[in-house]
Number of protein chains: 2
Amino acid sequence: MVGPAAQTPIFVGIDIGGTNIKLGLVNDAGQVVASRSIPTEQSRGAEDGCRRIGETVRQLIAESQVSSAHVVRAGLVSPGPIDVPRGRVLRPGNIPAWWDFPIRERASHHLGVPVTFNNDANAAAYGEFWRGAGERFQSMILLTLGTGVGGGIIIGDMLIDGVHNCGGECGHILVDPRDDAPRDSLGKSGSLEAYCNALALVARVRAAIVAGGNSTLASIHSADYEITPRIVAEAAEQGDELAHGAIMETARWLAIGIVSLVHTIDPDAVVLGGAMNFGGLASPLGREFIERVRTEAHPRMLEPLRDTVKIEFATLGGDAGFVGSAGLARLDYNKGTGPITSITNS
Amino acid sequence: MVGPAAQTPIFVGIDIGGTNIKLGLVNDAGQVVASRSIPTEQSRGAEDGCRRIGETVRQLIAESQVSSAHVVRAGLVSPGPIDVPRGRVLRPGNIPAWWDFPIRERASHHLGVPVTFNNDANAAAYGEFWRGAGERFQSMILLTLGTGVGGGIIIGDMLIDGVHNCGGECGHILVDPRDDAPRDSLGKSGSLEAYCNALALVARVRAAIVAGGNSTLASIHSADYEITPRIVAEAAEQGDELAHGAIMETARWLAIGIVSLVHTIDPDAVVLGGAMNFGGLASPLGREFIERVRTEAHPRMLEPLRDTVKIEFATLGGDAGFVGSAGLARLDYNKGTGPITSITNS
């Protein structure tokens, strides 16, 4: 948090999720002036959500003693699929109550400022690029590992958004060509998501146990309790070889996807975000995980990339989305353009 | 060819290959005013090559009655690896006599105009984008199929060049994660190139024959004659099922690579260039090949991409490289910048 007077103009960042909406005021230097999380309360509907977003932003402005005249634009992001040119949420799996809603126009109505609209993975990528792990780089790919595998690609302050807002859909690149490969949340076989999301890690552990592997997690499995990535990580930290192996297998598949991505984009860095970071740099397991990603990925790259493409953990955590959406609003504000932040022909 | 007075300024395009150097004068609208191919004659060395390039360009200018005052800049491309910022050819496999040569400076010396330098695959992509199959699109991925698999990515008049000129190295994305998968020319296993270049097609045919498959090519194989993609295509056209199957298998692997690329870039189109086009649209086999690529690729894509990403043959043939290099020179000329055409931080 910084003093209110520093670095105007001020941008609003809004990151809509299935459970919570994160909001923040972000200054021109990318510092968070104030932030809050409110429940999405889907059952109250999208219009009510937009009304509460407006209310909360006015509270944040008042509490942080920002002049509302300095608040010039908002960035709002939601899970995809979305229609960026039309400013509409389409049919995201985790916010069914908000389907087919003209969110850009309604949020703008309740906020009183123009709104820049994009998807949450792109915004997280821009947030990390602007003020997080990518701050010192000119180009960056973000991969977010969680229930899904999301992605976003930034090259020199430009978002690779694509013609249908499907640029940077890195979870859907293929890492296994077999038609009978594991499937992802959309039923696609062999995608990076199908091998690297939370479900894939848990499935890998369960399969190893069923195949007779020895693990402290066998009792949880046989009792039909839910195994989660956190439980797998804790077992691995306590020396469970099977759990450890499943996590390192995730690192290997992630590396294979990264190799394809870096030969397409050739960025300065690949940044790993999302909840499934095995403790990140603060934990020996997290450090071993990212080091494994590097040692699996680098030898598979062309020589000029091999020792130079950085592979790092994200640093903004759950703030990346709203910081990045404020940053995308700032890009549009500085360009003086409409709501589309893209180098393509949306 | 067009009249000399039309559409000034004029740009020189130069495409250096292991056997021939293609040169052309290209006007501001991308029309070829004059062109020629001269032997590379590697044994005479790179400096002599640059001297002959200068000579030939002066001949083309004289013969086409262009005023040399209208010739403002040249684009020169070579096979990689190259060092774009330093303007140097590094160590391309097919022009060993030109290794470690400061080609941009020397070509500029002999031509008398500034030179824009890039790799040949990027230039071919820009050529197809400017005046070929990509003319009506805003973003495009070119894949060139031949002895290697090259690539180039254009988004809105920008080349995705990357930090180390390895952006768009689409032949090196992975389509098979197995460590014992087939290897490409650089020894990398499981790359798109390892499955889709000329060698891979021939290897596929040979393996099928060795496995007891029935084919008219068996006699060539057993006599140890060289099987080429052209011979495979001719056999397929004459009803050889084994040859036909090997070509359609190439289409399937290509489709798998395309799926990864379009979920990264989300372009308007993927364009297939290079010598290995099985006759292109002029031939029933070529038409079947590209249709197979489409039917293998589209069902593997996210819905917004599935029916909208175009997959087309390139249209400029062997001219794409010099037309595109002239086009890259034109971009730099219009920007008034130095030699680097890139949206990244080279």
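Reader: What share of the contacts in chain A with a separation of 6 or more comes from residues 24 or more positions apart?

Author: Two residues are in contact if their C-beta atoms, placed from the backbone, lie within 7 Å. Here, residues 24 or more positions apart make up 64% of those contacts in chain A. Keep in mind that this is a predicted model, where local features need pLDDT of at least 70, side-chain atom pairs count only at pLDDT 80 or more, and totals for chains, interfaces and linings use all residues. Residues are numbered from 1 along each chain as its sequence is written, with chains lettered from A and ligands numbered from 1 in the order in which they are written.

Reader: And how many residues of chain A are in contact with chain B?

Author: It's 40 residues of chain A, against 40 of chain B. By class, chain A's side has 20 nonpolar (Ala, Val, Leu, Ile, Met, Phe, Trp, Tyr, Cys and Pro), six charged (Asp, Glu, Lys and Arg) and 14 polar residues (the others, Gly among them).

Reader: How are the two copies related?

Author: In general, two copies of a chain are related by a rotation about an axis and a shift along it. In this model, a turn of 180 degrees and a shift of 0.0 Å along the axis lay chain A on chain B with an RMSD of 0.1 Å (superposed by least squares on the C-alpha atoms of residues with pLDDT of at least 70 in both). The copies are thus related as by a two-fold rotation axis. The same surface serves both: 100% of chain A's contact residues recur in chain B.

Reader: What does the C-alpha trace of chain A span?

Author: About 65 × 50 × 40 Å along its principal axes.
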